[in-house]
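Dear colleague,

Please find the structure below, for your files. My notes on it come straight after.

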Amino acid sequence: MSVFTEAELVYLASQPLGRFATVGADGAPHVVPVTFRYNPETDTIDFGGWNLTASKKWRDVAQEPRVAFVVDDVLPPWQPRLIEIRGTAEQVGDELIRITPIRIVAFGLDAQTDPRQRVRGRDVRAGGAQG
């Protein structure tokens, strides 16, 4: 069983771009847009890229694995949607960063939900069980 809900997985599959946030060695935040994919075998968010091992995000993950990842958009006329994933990142091989979720916050992904109660945050455990 995935730590993501069905609505979250559908939303992630529909979006081409996310924002990956790390903390640098100097303590400063760093946020960059990245393409990504959900990996159903590991229940993680994976991304690579050209020359990734030479990037600041690669160096940041090596020294501080706690990260955040956000995917968002706005449907007309004004319906914001998002999923925020807080977790730990690891370098896999030479050209892949893998994010294992620890906390997931979703907003606006379920059209049937009362708009005042659309923010849904929960802590999750690695390995696919919800906490």
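The notes below cover one helix and then two acidic residues.

This is a predicted model, in which local features need pLDDT of at least 70 and side-chain atom pairs count only at pLDDT 80 or more, while totals for chains, interfaces and linings use all residues. Residues are numbered from 1 along each chain as its sequence is written, and side-chain values use heavy atoms, with hydrogens and water left out.

Helix H1 spans residues 6-14, and its buried residues are Glu8, Tyr11 and Leu12. Buried means under 20% relative accessible area, exposed over 50%, and partly exposed in between (1.4 Å probe, protein chains only). Helices (H or I, at least four residues) and strands (E, at least two) are DSSP runs, numbered from the N terminus. The buried residues sit on the same side of H1, because they cover an arc of only 100° around the axis; the arc is that of the directions from the helix axis to the C-beta atoms. Their cover includes strands E4 (44-47), E5 (66-75), E6 (79-92), E7 (96-107) and E8 (120-123). Exposed Glu6 and Ala13 are on the face of H1 turned away from the buried side.

Asp60 belongs to helix H2 (residues 56-63) and is buried, at a relative accessible area of 3%. Apart from neighbours within four places in sequence, Asp60 is in contact (heavy atoms within 4.5 Å) with Thr22, Val23, Gly24, Ala25 and His30.

Glu64 lies in the loop between H2 and E5 and counts as buried at 18% relative accessibility.

Regards
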